[in-house]
Each structure stands twice: as structure tokens, then as C-alpha cells.
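Reader: I am new to this structure and would be grateful for a close look at a single part of it, with each term explained where it comes up. Please take your time, and go on from that part to whatever else helps me read the model.

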Amino acid sequence: MTHTTTKNLCQLTANDIMSSPVLTAQESWSVKMLLDFFTKHHITGAPVTDYSGQLRGVVTMSDVLHFENLPALEKERLIGVSCYGEYAGYEFSANDLQQLAQHADINCPVAQIMTPHIISVETTTSVKAVASLLRERQIHRAFVLSEQKLVGVISTSNLLDALIASCACENTN
């Protein structure tokens, strides 16, 4: 959060309260690598990029928990769709897939569990509009774009920080 002390809450924009720079996950990472990344940075979600840095989606702890609770057959399907065999023209046997599924968190890439739709706002979007978007979509973060480039993220924590700072300004008057 940057400028909240000079503006009241209703005057703030996404640019004023966003966190930047944004930590990103790679679509080729394993679910295990993703969990290590979340733990290291104390975050619960991140935008997903490809090898060239293009946004591909978003992945959250909810996606990881959903994946972890899938039946073994569904994990086998996800691994079979995404795994290395498709590049070499190799089809995995049922036994191969069962073996890979036993370590699904290592063998399944983020691209298979992420949400491909990114919910974003512009830097000039009002804080009220951002809060409304998060509430309507029942999500915990929106990504901030400027000229189609990812420049920040706003989470529910950023909104609460802005609210607290706004109330602190009112109490000092």
C-alpha cells in the first residue's frame, strides 16, 4: 500500500493499495514446487505464467486442496494428459499412471490445476469497485494491469489495510 495517508478511502484506487511486484508461479512447476513457493512467501495464491512470462491463469491453495482430494483415477487422468508422454508420442500404461499418481504432487504440473481465467482490474479502478468485484466473485485477490501488463495484486488484506489506515486518519483529527 502506498498513498493511503494522503487520501480518504473513497478516493483510493487500485494503484494506491496494490502489492507490487507480484510473485508468479510457473505453469510447468509441480504442485509440490508450488506448495513450497506458497510456504516460502507466506501467500495463498499467485498468477501463473508460461516460459515467456505470459499470464496463463491463477492458482490458489483452494486449487491445491481440490487436487489433493481428487480420487486416484482423476489424478491419473490429469497426469496422463499433461505428462511427458504426449511430447514423445508415448502412451502411458495403466500401471505407469498408477505409479505417477502415487506421487501426484510431484508429477502433476500447475497448469493442470490452475484456473485459466484471470480476474483483473486497472490501476485506476476505485477501491470500492475492487472490493465489490472480490465480493461478487467470492475471490480473495484480483490482479492489477496497466497497459495489459501485470503490475500488482490486491488481496483482501490490502483492502483491510486501507480501511485500517483510513480509520486511523479519522481518529487523529
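Author: What follows begins with the pocket, goes on to two helices and a group of rings, and ends with some details of the backbone.

This is a predicted model, in which local features need a pLDDT of at least 70 and side-chain atom pairs count only at pLDDT 80 or more, while totals for chains, interfaces and linings use all residues. Residues are numbered from 1 along each chain as its sequence is written, and side-chain values use heavy atoms, with hydrogens and water left out.

The largest pocket has a volume of about 350 Å³. A pocket here is an open set of points, on a 1 Å grid over the protein atoms alone, where a 1.4 Å probe fits and protein lies on both sides within 12 Å along at least five of seven lines; its lining residues have an atom within 4 Å of a point. The grid points are joined across faces, edges and corners, and the volume is the space filled by probe spheres set on them. The lining comprises 16 residues, and those nearest the centre of the pocket are Val58, Thr60, Ile139, His140 and Arg141. At least two lining residues come from each of β3 (55-60), α3 (61-68) and β5 (141-146), where helices (H or I, at least four residues) and strands (E, at least two) are DSSP runs numbered from the N terminus. By kind, the lining divides into seven nonpolar, seven polar and two charged residues; Ala, Val, Leu, Ile, Met, Phe, Trp, Tyr, Cys and Pro count as nonpolar, Asp, Glu, Lys and Arg as charged, and the others, Gly among them, as polar.

One of the elements that supply this lining, α3, can be followed further. Asp63, Val64 and Phe67 of α3 are buried, a word that means under 20% relative accessible area, with exposed meaning over 50% and partly exposed in between (1.4 Å probe, protein chains only). These three residues lie on the same side of α3, because they cover an arc of only 100° around the axis; the arc is that of the directions from the helix axis to the C-beta atoms. The exposed residues Ser62 and His66 sit on the face of α3 turned away from that buried side.

A second helix, α8 (residues 127-137), can be read in a similar way. Its buried residues include Val127, Val130, Leu133 and Leu134. Seen down the axis, the buried residues of α8 fall within an arc of 125°, so they line one face of the helix. Lys128, Arg135 and Glu136 are exposed on the other side of α8. The general background is that an α-helix has 3.6 residues a turn, so residues three or four places apart point the same way. After α8 comes Gln138, which has a positive phi near 55°.

Elsewhere, the model holds two aromatic pairs. In the pair of Trp29 and Phe37 the ring centres are 5.0 Å apart and the planes stand at 65°, so this pair is edge-to-face. In the pair of Phe37 and Phe38 the centres are 6.3 Å apart and the planes stand at 40°, so this pair is tilted. Rings of Phe, Tyr and Trp (its six-membered ring) pair if their centres lie within 6.5 Å, and planes under 30 degrees apart count as stacked, over 60 as edge-to-face and the rest as tilted. Together, Trp29, Phe37 and Phe38 form one aromatic cluster. Trp29 is buried at a relative accessible area of 18%, and both Phe37 and Phe38 are buried as well.

Lastly, some details of the backbone deserve a look. Most residues other than glycine have a negative phi, and most peptide bonds are trans. From Ser20 to Pro21, however, the peptide bond is cis, with omega near 0°, and Pro21 belongs to the loop between α1 and β1 (25-26). His42, not a glycine, has a positive phi of about 55°; His42 lies in the loop between α2 (31-41) and β2 (45-49) and is exposed at a relative accessible area of 74%. Gln148, also a residue other than glycine, has a positive phi near 65°. Its place is in the loop between β5 and β6 (149-155), and at 66% relative accessibility Gln148 counts as exposed.
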